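Open the model in your viewer and keep the sequence panel beside it. We will go from one selection to the next.

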Amino acid sequence: MTLTSRHIQAYLLLLPAFVFLVGFTHYPAIATLIDSVMSAPRGGRAPAFIGLENYQAMIQDPVFWKSAINNLWFALATIPASMALSIVMALWVNDKIAGRQFLRMSYFLPTVMPMIAVANIWIFFYTPDYGLINQILQLLGFKSLNFLGNPDLALMSVTIVAIWKEAGFFMIFYLAALQTLSPSYREAAQIEGASRWYFFWRIQWPLLMPTTIFVLVNALINSVRMVDHIFVMTNGGPNNASSLLLFYLYEVGFKFWDRGYASTLTVVLLAILAIAGLVQFFLLDRRTHYR
Amino acid sequence: MKKFIKSFSVAAASLCVSTAVLAQTEVSFYFPVAVGGPITKIIDGYAADFNKNNPNVVVTPVYAGSYQETIVKSLTAHKSGKPPTAAILLSTDTFTLIDEDAIVPMDNFVKTDADRQWIKSFFPAFMLNGQIDNKTWGIPFQRSTVVMYYNKQAFKAAGLDPEKAPATWTELVEMGTKLTKRDASGNVTQWGIQVPSSGFPYWLFQGFSTQNNAILANAAGTKVAYDDLKTIEALQFWMDLSQKYKIHPPGVVQWGTTPRDFMEGKSAMIWTTTGNLTNIRKNAPFEFGVAMLPANARRGSPTGGGNFFIFKKAPAKEQQAAYEFAKWLTQPERAAQWSIDTGYVAVSPAAYETPALKKYAAEFPPALVARDQLPHAVAELSTHDNQRVTKALNDGLQAGLTGTKTAEQALKDAQIEATRLLRTYQ
């Protein structure tokens, strides 16, 4: 096939988007890959090629493994919990109940508030002795807990904040999807005498599947992306108990100024995300019914 | 004729002004905000006043966020070739800035006797982190130390003399025990003592370690003494406060909520920065006292806070102007007012001799405690690859305080990590 003027025109039309895609996605990714096999530039010293030394250092780095395992738990908790919560909330505020607008707004509120502000408020919820949660615990006869200062509780505490923050955001998508479902399904189900659970499980849930895929991908991305509150609440402590991959990456890159090693961590993070994304699309997408 | 001369001189004057405008030197100045209060407004005021006195220099202050954000912005700008002319950054980042080849020593600009006098005018404790290899890299600007705040009302209730804070570790434990109150079911309603350990526990730990006669790093920033016997003892004492004597909250205590804990009466004594003085003074509903940290082998506290640095890649003319600005900023009267407005320690003894600060101190004597503690103060922990070497200690301290490791194990592990990181600087 020859290059016709039609082709040239098409490529010209694509050019602006292409420039941005290359400039902000492809070039940084390749530059990161190159940086990851270089030593960190310090002062006058130029970065030198060191092969896979950064990757070896990473495998031997206990803080990296701690952050990776923490991140796995963080993802395993936030993804299902925030999705389940968002469906329940969406189903509830989709019904015709009193104060529906108010409820919808309250559920969505955590999403619109900046994470840094929210984290500062949650610190006081978690404060030992007089914090909100501990006051309730003590009222019920339990002992006060040091949520953020106990290595066994710190990760759970920051996970809960993430779930609380995310659920409202996902609820919006479910709510929108629920409203596109034709009311005739519900009427038919009612005439047939289907139970509420049966109606949800056999009709609403399958029809919501495309939304679920979308939300799942987003939840996965957020589970490695949401670290703002770690900076405010624990700084990854105590003793890295609440450190997540991206948080550690920031520390290495912008506190330790070790660009080479930070790039190595970025490459690994990218690889994990890419694999997870591909698995989701190839396995789940096939089973999903799009209308 | 007279009229002509007049109009001529007006024209000449306006010509001068316009050439002055053309020859103006612009000094970009990054600064962080780390304490409460209208800091940005005060700094903008300084820039405007300086311009009034020096019409050919325009200082453009840029509020750059927290200390961490400010150094990220400054170093990123430095790496791209266009750094700010000057910035306020943590004094402990001096090694990092030197290793990145980002700053110039002040000695480059010290020419007259007055200049040499000025460099000598600061409290020696504040120069420790900024003077390396016989050069002065940073000028102290917003500096602090750790002090102890105590609740006089709680002292009275526990039968203690409200004018006498604990002066030794033994007294700290004795008084702390008396001040710890429990309800019928054994829950603590008031802790004796609280020392925060989230975020940067090394800084407060330097109180304990210095008091136990341990110095955590050498002046060259190439060696640390994390596993020194005295350092281990110091951590053991901090751990004992909660694990043995049960007068200190268990686990890691939040830095951010500690002043609040004090004002809520949950802790009778706290250690925190002098920078919280104004906040606690305004909000504590009871009478409180401020005291130096208690002594063991000696008294001791680290210094903290930010120094004024000049960047290497800035044009020479801008650097010179920034140097003049630094001199102007640290004049005794201005340093005194800055201290009153913010709670930071004024950086020179001369500032404490100014009428403004004398009057303030007479009204509010706790403002002098930080200064009186300065002779006992040591350099804040700072080494090459500073944040990483410090993180090794932070992790170790938190492991000890949460009971994950023994004091010895925690600090031995920290030492191994720090030694590994510092091997390239030997």
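The radius of gyration is taken here over C-alpha atoms, and the globule rule is 2.2 Å times the number of residues to the power 0.38. Keep that rule in mind for the first stop. Remember too that this is a predicted model.

**Stop 1: chain A.** Select chain A. A compact globule of 291 residues would have a radius of gyration near 19 Å. Chain A has 24 Å. Along its principal axes, the C-alpha trace of chain A spans about 75 × 75 × 30 Å. Now colour by secondary structure. Chain A has 13 helices and 0 strands. How much of chain A is buried? Of its 291 residues, 33% count as buried. Look at contacts in chain A between residues at least 6 apart in sequence: 69% of them join residues at least 24 apart.

**Stop 2: chain B.** Switch to chain B. Here you will find 18 helices and 13 strands. The radius of gyration of chain B is 24 Å, close to the 22 Å from the globule rule for 426 residues, so chain B is as compact as a globular protein of that length. The C-alpha trace of chain B spans about 95 × 50 × 35 Å along its principal axes. Buried residues make up 50% of the 426 in chain B. Among contacts in chain B between residues at least 6 apart in sequence, 73% join residues at least 24 apart.

**Stop 3: where the chains meet.** Show both chains. In all, 27 residues of chain B are in contact with 27 residues of chain A. Which elements of chain B give two or more residues to its side of the contact? They are α3 (67–79), α4 (94–99) and α17 (386–401) of chain B. α17(B) gives the most, with 5 residues. Colour this side of chain B by class: you get 7 nonpolar, 12 polar and 8 charged residues.

**Stop 4: strand β9 and its partners.** Select residues 188–194 of chain B, which form strand β9. The strand is mostly covered, with 5 of its 7 residues buried. Add strand β8, residues 181–182 of chain B. β8(B) and β9(B) run antiparallel and are joined by 2 bridges. Lys181(B) stands opposite Gln190(B) in β9(B). Between the two strands of this hairpin lie 5 residues. Find Gly186(B) in the hairpin: it takes a positive phi near 90°.

Next, add strand β10, residues 267–273 of chain B. β10(B) pairs with β9(B) in the parallel sense, over 3 bridges. Click on Gln194(B); its bridge partner in β10(B) is Ile270(B).

**Stop 5: two helices crossing.** Select α9, residues 201–211, and α10, residues 229–243, both in chain B. These helices pack at an angle of about 115°, with their axes 8 Å apart. The crossing is right-handed. Show side chains where they touch. From α9(B) come Phe205(B), Phe208(B) and Ser209(B). From α10(B) come Thr231(B), Ala234(B), Leu235(B), Phe237(B) and Trp238(B). The contact of α9(B) with α10(B) has 6 nonpolar residues, 2 polar and no charged.

**Stop 6: a strand with two faces.** Finish at strand β11, residues 288–291 of chain B. Which residues of β11(B) form its covered face? Phe288(B) and Val290(B) do. Gly289(B) and Ala291(B) form the uncovered face. Now add strand β7, residues 139–151 of chain B. β7(B) and β11(B) pair in the antiparallel sense over 4 bridges. Tyr149(B) has Val290(B) as its bridge partner in β11(B).

How values were computed: Residues numbered from 1 in each chain as written. Chains lettered and ligands numbered in written order. Predicted model: local features only at pLDDT ≥ 70, side-chain atom pairs only at ≥ 80, totals over all residues. Contact = placed C-beta atoms within 7 Å. Nonpolar A, V, L, I, M, F, W, Y, C, P; charged D, E, K, R; others polar. Buried ≥ 20, exposed ≤ 12 C-beta atoms within 10 Å, placed from the backbone. Pairing = 2+ DSSP bridges. Axes fitted to C-alpha atoms, helices over the stretch in contact; angles between N-to-C directions. Left-handed = near helix turned anticlockwise from the far one by under 90°.
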